[in-house]
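Okay, thanks for coming, everyone. I'll put the structure up on the screen and then we can walk through it together.

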There are 2 protein chains.
Amino acid sequence: MKAYELALDHIEEGILSGRYEVGSILPPERELATQLGIGRSSVREAIRALESQGVLDSAVGAGPASGTRVTSDQSRALTRLLKLHVSLGKYPVDDVVEARVSLERGSAALASTHATADALARLAEVVEAMEAAESIAEFSPLDTGFHVLIAEVSENTLISDLTRAVREALLQPIARASARMADWPGFRDGLNEQHRRIFAAIQAGDPDAAADLMEHHIRHAYSILPMNGAMP
Amino acid sequence: MKAYELALDHIEEGILSGRYEVGSILPPERELATQLGIGRSSVREAIRALESQGVLDSAVGAGPASGTRVTSDQSRALTRLLKLHVSLGKYPVDDVVEARVSLERGSAALASTHATADALARLAEVVEAMEAAESIAEFSPLDTGFHVLIAEVSENTLISDLTRAVREALLQPIARASARMADWPGFRDGLNEQHRRIFAAIQAGDPDAAADLMEHHIRHAYSILPMNGAMP
DNA sequence: CGACCGCCATTGGTCTGACCATACGTCAGT
DNA sequence: ACTGACGTATGGTCAGACCAATGGCGGTCG
């Protein structure tokens, strides 16, 4: 058993068993090291591993605000994880498309039943901004924002996090593929038309229509985007 | 900028830019440290962070098989990540249910169109084993195995990894909830009946039926399981 | 008496240097 | 040509030192 794994297991066990909850403060690194009979650097490596998973957060200084604290900030960690593995080509483009279809059908349907007036207003704003966008550099982040916003409106934290992670992991590849397109303006116009319809379905509170339109939208986009190559 | 973040960014950038691909070997820790002008311990912390995300893998010794190598072994990392955050109560049980519904509708539908004779045989085996299971300790892992197996049969690596991660993150909580049930044998019989039907739909190659049955199955289970409390 | 200011303790962040464990490569000896 | 011992490269680990940030405590001044 490697020393840093000992520390990792110790902290993980504390979390899984409920001894640590969000907000708990871990013992100081030096103390944890002597407790476990290992060096401080090994403890730090374990802390770093968990920190990169959004489970811990460290703060220097003295007093109650300092020390290493248990958090649960998964979104960034999940996004980074997926982005790296997508970039490494672990997932074929078809698989990612199917996953997006499954997830976003769900978020679109949930959004249809949860959307507040405020949420609809924000969605409408993005839809209009996309229609005004001239360049790929302008359009692409808005498009991502549209899908992420729907996931957020669905008020389902897990689906929202997963959707955001998958979509953001594809931001770069999609932008690159768009740049290779012959008739990008036409492609964009088609997407905007679909965005309008999805928005209308959500506004109308029609989950089935929203899900179907979303599925069609995603499949349509990938059937045209030249995503061929190692990068999905 | 913290020193270990410098190393983290350097390595990540190398991966996202394509300079490193799966199988690439990173420079030795000592060399990377001098290259970046930081200490070796900082380099190690960055490596550890990426290793915990299934992106790197270290091996001691000399020769071509040694050193820190780029991999893409996400499954374990993803499972650990979700398990920890589920345990920390970041995700309400209803959210997890909806996410499972979205993901497993997809995997059930895909499995219906991809199932080989061998895959069907393995599924049948699990279904029969579940019907023979007497105790919760016996049944619970088989149940997880059934859902994971369907995800695998779908031949979609991303959906499969996500399904497995979500399902395995719930293994402990589900087992605990089952133990609190009054009429567990009756509950189990109901599940087995549904498992049979899902299997039949996959065997028949009917994606829509498989998806609907899967959704009903998941919602039914959670409507009965006493999952109340912080632990979803 | 109260407010302010500066020292000090605590805690993470980092570096250095050392040594260990492991595995491969090489070279001498058979 | 085979074999075994030794050297070397690499990650794994530790000890110790110092830095940086931060908050608390106590003393001093108004």
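So, between chain B and chain A there are 30 residue pairs in polar contact, counting pairs where both residues are at pLDDT 80 or more. That cut-off is there since this is a predicted model, so please keep that in mind for everything I say. Which elements of chain B touch chain A? Those giving two or more residues are helix 1 (3-16), helix 3, helix 4 (74-87), helix 5 (93-114) and helix 8 (157-169). Helix 4 of chain B gives the most, with 11 residues. If you sort that side of chain B by class, you get 25 nonpolar, 13 polar and 15 charged residues.

Let me stay with the charged ones for a moment. In general, side chains of opposite charge can pair when their charged atoms come close. Across the interface of chain B and chain A, the rule finds 8 salt bridges. One you can look up on the screen is Asp161(B) with Lys90(A), where the closest N and O atoms are 4.0 Å apart.

Now, how much area is buried between the two chains? It's about 4700 Å², and carbon and sulfur atoms give 60% of that. On the chain B side, the residues that lose the most area to chain A are Gln53(B), Leu84(B) and Leu88(B), and together they make up 14% of what that side buries. As for residue counts, the contact takes 53 from chain B and 53 from chain A.

Those matching counts bring me to symmetry. Chain B goes onto chain A with a rotation of 180° and 0.0 Å of shift along the axis, at an RMSD of 0.0 Å. The two copies are thus related as by a two-fold rotation axis. If you want to find that axis in the viewer, go to Ala49(B): of the residues of chain B, Ala49(B) comes closest to the axis, with its C-alpha at 2.1 Å. And 100% of the interface residues of chain B are also interface residues in chain A, so the copies meet through the same surface.

A quick word on the fold of one copy. Chain A has 11 helices and 2 strands. Going along the sequence, the pattern reads α-α-α-β-β-α-α-α-α-α-α-α-α. The C-alpha atoms of chain A fill a box of roughly 65 × 40 × 30 Å along the principal axes.

Okay, on to the DNA, starting with strand C. There are 29 residues around DNA strand C, and the ones that come nearest are Arg40(A), Gly61(A), Ala3(B), Gly39(B) and Ser42(B). So which elements make up that surface? From chain A, helix 2 (29-36), helix 3, strand 1 (56-59) and strand 2 (67-70) each supply at least two residues, and from chain B, helix 1 and helix 3 do. Of the strand C atoms within 4 Å of the protein, 66% belong to sugar or phosphate, and the rest belong to bases.

On the base side, there are two arginines to look at. Arg30(A) has a polar side-chain atom 3.0 Å from a base nitrogen of DNA strand C, and Arg40(A) has one 2.8 Å from a base nitrogen of that strand. For the backbone of the DNA, look at Arg48(A), where a polar side-chain atom lies 3.5 Å from a phosphate oxygen.

Arg40(A) has another partner, too. The side chains of Arg40(A) and Glu29(A) meet in a salt bridge, 3.0 Å from N to O. That pair links distant parts of the chain, with Arg40(A) in helix 3 and Glu29(A) in helix 2, 11 residues apart. Over all chains, a search of the whole structure finds 42 salt bridges.

Last stop, DNA strand D. Here 29 residues surround the strand, and the closest are Ala3(A), Gly39(A), Ser42(A), Arg30(B) and Arg40(B). By class, the surface near strand D has 10 nonpolar, 11 polar and 8 charged residues. Of the strand D atoms within 4 Å of the protein, 67% belong to sugar or phosphate.

What reaches the phosphates of strand D? Among the contacts, a backbone N or O atom of Gly39(A) lies 2.7 Å from a phosphate oxygen, and a backbone N or O atom of Glu29(B) lies 3.1 Å from one. Arg30(B) goes to a base instead, with a polar side-chain atom 3.0 Å from a base nitrogen of strand D.

That's my tour, and I'm happy to take questions.

Terms used:
Residues numbered from 1 in each chain as written. Chains lettered and ligands numbered in written order. Predicted model: local features only at pLDDT ≥ 70, side-chain atom pairs only at ≥ 80, totals over all residues. Heavy atoms only, no water. Near = heavy atom within 4 Å. Polar contact = N/O pair within 3.5 Å; in protein donor to acceptor, adjacent residues only side chain to side chain. Nonpolar A, V, L, I, M, F, W, Y, C, P; charged D, E, K, R; others polar. Contact = heavy atoms within 4.5 Å. Buried area = accessible area lost by both parts, 1.4 Å probe. Helix = DSSP H or I, 4+ residues; strand = E, 2+ residues; numbered from the N terminus. Least-squares fit on C-alpha atoms with pLDDT ≥ 70 in both.
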